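Work through these exercises with the structure open beside you. Try each task before you read its solution.

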Amino acid sequence: MVISEVSLKAGTELLRKLWAYAVYAQGTKNSEVSGFGEVDVNGHAVTVNDNFHMIKQQGGVVGTHLDMEALAHLIHHYTETSQNPKKLRFWFHTHPGNVYFSWTDDETIKKLTTWGLDPLVAGVFNEQGESRWAVVRHGQRVLEVDFKVPGESLSSEELERAKRVIDPILTVKPIAGRLWREDDDSSWLKSWGFKSRRR
Ligand SMILES: [Zn+2]
């Protein structure tokens with residue numbers, strides 16, 4: 001048996017913000033939504049800090065479609081503004097109903113870690129403020145934990161803030177177009193390495 005020494009921390013303010021994203025995206029757009037945040041790693045202490053980014057994405061009910069190119073743009077923006085892109089190791093997304101890592105999520109996690117985001121923290125949230133977290137190190141899941149976001153139910157201000165963040169970045173496809181979605185990672189592979197690729 002392996003007992004993990006890894007500890008995971010995240011601030012309440014961030015957790016409530018992510019919960020609000022889940023409520024807004026699932027509740028009013030019927031869509032999953034995903035984003036990236038920063039992680040500080042200090043030995044076995046893994047901390048998700050408050051710097052969090054929602055990136056442009058296409059939503060839908062069939063599982064979040066992580067736009068690798070948008071992530072590459074975020075990484076590029078970090079390097080251009082002298083921030084450390086290696087800190088972007090927290091992948092967040094939402095689910096309707098149960099919080100768990102689906103097969104697709106596991107594949108996404110594998111992809112992200114294989115391509116350099118290792119250690120990686122993954123967190124999935126639902127509308128009830130339930131969350132599941134995984135910490136992956138050297139390709140291995142060293143921690144998996146469930147956590148209920150603390151505090152009262154979300155205020156209308158918190159939901160309004162979520163709306164202002166999500167409305168500009170989330171495009172939801174009509175239902176008919178969602179069912180046969182394909183992942184195309186070729187553009188991501190090209191843009192990784194920060195070769196200037198601009199829209
Ligand atoms: Zn998922």
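A residue is buried if 20 or more other C-beta atoms lie within 10 Å of its own, exposed if 12 or fewer, and partly exposed in between; C-beta atoms are placed from the backbone. Helices (H or I, at least four residues) and strands (E, at least two) are DSSP runs, numbered from the N terminus. The model is predicted: local features need pLDDT of at least 70, side-chain atom pairs count only at pLDDT 80 or more, and totals for chains, interfaces and linings use all residues. Residue numbers start from 1 along each chain as its sequence is written.

**Exercise 1. Take stock of the chain**

Task: Find how many helices and strands the protein chain has, and in what pattern they follow along the sequence.

Solution. Start with the count: the protein chain has 5 helices and 9 strands. Next, read along the sequence: the pattern is β-α-β-β-β-α-β-α-β-β-β-α-β-α. Then turn to burial: of the 199 residues, 36% count as buried.

**Exercise 2. Sort the side chains of β1**

Task: Which side chains of strand β1 (residues 7-10) are buried, and which are not?

Solution. Begin with the rule. In a regular strand the side chains alternate between the two faces of the sheet. Now apply it to β1. Leu8 and Ala10 point to one face and are buried. Ser7 and Lys9 point to the other face and are not buried.

Next, look across to strand β3 (residues 45-54). It runs parallel to β1, and 4 bridges join the two. Two strands pair if DSSP finds at least two bridges between them. Ser7 stands opposite Ala45 in β3, and Leu8 stands opposite Val46.

**Exercise 3. Build the sheet**

Task: In what order do the 7 strands form the open sheet?

Solution. The order is β1-β3-β2-β5-β6-β7-β8, with mixed pairing. The edge strands are β1 and β8 (140-148), and each pairs on one side only. Neighbouring strands are turned by 25 degrees against each other on average, direction ignored. For such angles, axes are lines fitted to C-alpha atoms, for helices over the stretch in contact, and angles run from 0 to 180 degrees between N-to-C directions.

Now check some pairs. β2 and β3 run antiparallel, joined by 7 bridges. Val41 has Val46 as its bridge partner in β3. The hairpin of β2 and β3 has 2 residues between the strands, and Gly43 there takes a positive phi near 65 degrees. On to the next pair: 5 bridges join strand β2 (residues 34-42) to strand β5 (residues 88-94), and these run antiparallel. Gly35 has Phe92 as its bridge partner in β5.

Finish with a helix. Helix α2 (residues 68-80) packs on the sheet and touches β2, β3 and β5. Its direction makes about 145 degrees with that of β5. Touching means contact: two residues whose C-beta atoms, placed from the backbone, lie within 7 Å.

**Exercise 4. Describe how α1 and α4 pack**

Task: At what angle do α1 and helix α4 (residues 156-166) pack?

Solution. The angle is about 70 degrees, and the axes are 8 Å apart. Now use the classes: under 35 degrees counts as roughly parallel, over 145 as roughly antiparallel, 65 to 115 as roughly perpendicular and the rest as oblique. α1 and α4 are therefore roughly perpendicular to each other.

Next, list who meets whom. Residues of α1 in the contact include Tyr21 and Val23, and those of α4 include Leu159 and Ile166. By class, the contact has 8 nonpolar, no polar and 4 charged residues. Here Ala, Val, Leu, Ile, Met, Phe, Trp, Tyr, Cys and Pro count as nonpolar, Asp, Glu, Lys and Arg as charged, and the others, Gly among them, as polar.

**Exercise 5. Explain the status of Pro119**

Task: Why does Pro119 count as partly exposed?

Solution. First, locate Pro119: it is in the loop between α3 (103-114) and β6 (120-125). Then count: Pro119 has 17 C-beta neighbours inside 10 Å, so it counts as partly exposed. Now list its contacts, leaving out residues up to four places away in sequence: Pro119 touches Val41, Val46, Arg89, Val135, Val136 and Arg137. Last, compare sequence with space: Pro119 and Val39 are 80 residues apart in sequence, and their C-alpha atoms are 9.0 Å apart.
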